[in-house]
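Visitor: Please take me slowly through one part of this structure, the sheet with its paired strands, and then show me how the surroundings can be described with the same care.

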Amino acid sequence: MVRVAGEVRRTTVSRLEQLRGCGELTGGHVDLAARALGVTARTVWRWLGDCPGPGRAGADGFRLSETDVEAYAFYRGNVSALARAREAVLEGDGTTAGAPVPEFLAEGWSDAASVTRRTLARAFEREMTPAERAAWKVGEEGRRAKNVYLRRPDAGRGQVWEMDHKQLPLLVLPPKGRPIMPWLTTVVDDGTRGLLGWALAVYPSSATVLTAMRMALVHEEGRSPFGAVPSRVRIDRGLEFAASAIEQVIGALCVTVHRLPAYMPFRKGKVERLNLTIEQTLIAQLPGFTGGPRDAAGRLYGPVGDSARDKAQAEEAGAGPMRIERLAERFAAWADWYNTQRAHRMLGGRTPTTAWLEDPGPVHRIDAERLRHLLLADTTRVVGKDGIRFNGLTYLAPEIQGRVGQSVEVRYMPHDDRQIEVYLGGAHLCTAYPSGQLTDEQADHWRTQQREEAERLGRERRAASRRARTVLAPMTGPGTPVPSKLVPRTAAAGHAGRSLDAALRAKASSSLLGLTPTLPAPEPTEIED
C-alpha cells in the first residue's frame, strides 16, 4: 500500500470537496487524483467520506495531547503499552498489565477521545521527530544517531589538529606480563585528514601523547611531507592531555587549545572516524581482536578468545596474541598505506598526502633540534653508585661524577632507551647513555673525567688544609675566644732558646683544645762586646 503524505492528501481532498460543493465533481476527477497519488479510486472516495472537518476526529485529525506525550516518555516509547493504559482509563478500569495507571496520566486522559493503537502510532510518527522518539526508546546515544550536525569548514593544511587517546579492542603481549589491550594516541590534520602522528603504549600516559606530538611536529624530508606547528588543537578532557608536560609544550609553541565538552565525541569527528577506520581495516583482522562475533555462550570467535583459558591454550600452542612490538610494525605499515594510498571521499578521491601537497597554504615549522628537549617526558631520579637507574637500565655520563644521592630531573623519549637528558635545577646537565652500551671512546672519556675529578678534589682539599692552620680555641671560661696557631715543625725547631722537648710539648694535643702550655721564659743571654 502506498502511503501518501498528509499535506498532499489534504490538498487533494480539499480540491475534490471544492468541486463537489460546486456540483462539478465527477468520477473522472477521482480517477485522475487516484492515478496521480498512486492509490485506488476507492481510497480517494473513502477519503472524501471520512475527510476530517472542524470538530471531527478522524485518523488524520487526531492530535497528541500533553498527556499522550508524557505517557510516551513514561512507557519508554512503547506505544502498545501506552494504548492499553489509555483504553483502560477510558473504560473506567484504571489498571493495565496488573498495575494501576499513574494518577497524572489517568487525570489527563479522563475526557480524551477513544482512538486505535494504529492511530496513536501514526500520530507519534507524525508529531514527534525520530530523534525525540529515539531519546525515549534508546537514550542519548539514540538521539545523537538521529541528529544532524553542523560540519565545520575544513582548515588549511597543518593549521588545526584533532587528538584522541583510546584503548584498542585487541589483546597483545607486552614486554613483560600477561596479554593486555594497548592504548593508541593519534593526531589528525583537520584539512587533509592525514595521520600526522601516533604512538602505542601499554598504559595511558602523557609520555605517549608527547611521542605522537613529536611525530606530528617534526618535519623529516625522507619520511613524509607532514610536520608543522598548528595554530589550534582540539582535545577531549582525558587526563593525559591535561598533564603539565603537555600544557607546557602547547603553551611554549603558542598553540590555542580547544578543550571539548565531556561525552561529545562528535565535536572532533575526524579523529573519531579515523579510529573507526583503524578498527575496521586493521585491528579486526589481527589475532586477539575482542570486538568480533561471539557464539551463544558469549565466547569470542577467532584465533584467540578473551577468556583466561583461551589465552593460556593459545600461548601454549604458539598461536597467542601478537607482541606489542609486532603490532607497532603492522601499524606503521598501515599508517603509510592510509596516508599515501587510501582515497578519501571527503577529499574528492585524493589521498591525505596528495591533499597536503596540493594545498598552497603556508605551514609553520621549527627545527627538530630545538624541539628535542621540549618534547620529552620527564621524571625525577636519584643518582646511585652505578649511575641513574631508569626503565631497567643504568645510564652514565661524566657530568654526574660525585653526585651520588642527588636528585636530578630525567627527560626521555618514550620507547627510545638509547639516551636520556639529565637536568639539574632546570638547567641541562648532560646526555646520559646506557652503561652496557658505551663505546670505547665514551668509556675512556668517563675514566679520564673520573681521574681528573679525583685529582681536582685532592688539590682543593690540600689547599683547604693549608688555609685552616689557624683555628679558634674553644671557650673554657668567660672572656674572648683566643686564636690558637698550630706550630709547624720548622718553626718549633728554629725557635730561639727553645729545646726540642718544649717544641714537642707545644705541638701536643692539649694545644688543640685551647690549653696552650705556658713556656718558661728564655734565660737572658749575655752578649759580648
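Guide: Strand E8 and strand E11 (residues 407-412) run antiparallel and are joined by six bridges, where two strands are said to pair if DSSP finds at least two bridges between them. The names come from DSSP as well, since helices (H or I, at least four residues) and strands (E, at least two) are its runs, numbered from the N terminus. Within this pairing, Val382 has Ser407 of E11 as its bridge partner. Before we go further, please keep in mind that this is a predicted model, in which local features need pLDDT of at least 70 and side-chain atom pairs count only at pLDDT 80 or more, while totals for chains, interfaces and linings use all residues. Residues are numbered from 1 along each chain as its sequence is written, and side-chain values use heavy atoms, with hydrogens and water left out.

From E11 we can step across to strand E12 (residues 420-424), which pairs with E11 in the antiparallel sense over three bridges. Here Glu409 has Tyr423 of E12 as its bridge partner. Tyr423 also meets a charged side chain, for Arg411 lies over the face of Tyr423 at 4.4 Å from the ring centre; a charge sits over a ring if NZ of Lys or CZ of Arg is within 6 Å of the ring centre and within 35 degrees of the ring normal. Elsewhere in the sheet, strand E10 (residues 393-396) and strand E13 (residues 427-434) run antiparallel and are joined by two bridges, and Leu396 stands opposite Tyr433 in E13.

Put together, these pairings belong to an open sheet of six strands in the order E8-E11-E12-E13-E10-E9, with antiparallel pairing. At the edges stand strand E8 (377-382) and strand E9 (388-390), each of which has a single partner strand, so one side of each is left without a neighbour in the sheet. From one strand to the next the twist averages 40°, where axes are lines fitted to C-alpha atoms, for helices over the stretch in contact, and angles run from 0 to 180 degrees between N-to-C directions. As a general point, strands of a sheet pair through backbone hydrogen bonds, either parallel or antiparallel.

Cysteines come next. Cys430 counts as buried at 4% relative accessibility, whereas Cys254 is exposed, with a relative accessible area of 67%; buried means under 20% relative accessible area, exposed over 50%, and partly exposed in between (1.4 Å probe, protein chains only). The count of disulfides is zero, a disulfide being a pair of cysteine sulfur atoms within 2.5 Å.

The aromatic rings deserve the same patience. Eight aromatic pairs are counted, under the rule that rings of Phe, Tyr and Trp (its six-membered ring) pair if their centres lie within 6.5 Å, with planes under 30 degrees apart counting as stacked, over 60 as edge-to-face and the rest as tilted. Phe226 and Trp356 have ring centres 5.1 Å apart and planes at 80°, so their pair is edge-to-face. Because Phe226 lies in the loop between helix H10 (206-217) and strand E6 (232-235), and Trp356 in helix H15 (residues 352-358), this pair ties together parts that are 130 residues apart in sequence. Phe226 counts as buried at 3% relative accessibility, and Trp356 counts as buried at 1%.

Trp334 and Tyr338, by contrast, form a stacked pair, at 5.3 Å centre to centre with 15° between the planes. They both lie in helix H14 (residues 324-340), four residues apart, which is about one turn of the helix. Trp334 is buried with a relative accessible area of 6%, and Tyr338 counts as buried at 4%. Ring pairs link Trp198, Phe331, Trp334, Trp337 and Tyr338 into a cluster.

Between H14 and H15 runs the loop in which Thr351 has its place. Thr351 counts as buried at 11% relative accessibility and, leaving aside its neighbours within four places in sequence, is in contact with Asn339, Thr340, Gln341, Arg342 and Ala343, where contact means heavy atoms within 4.5 Å.

Finally, we can step back to the whole protein, whose secondary structure comes to 19 helices and 15 strands. Of its 529 residues, 36% count as buried. Among its contacts with a separation of 6 or more, 60% are accounted for by residues 24 or more positions apart.
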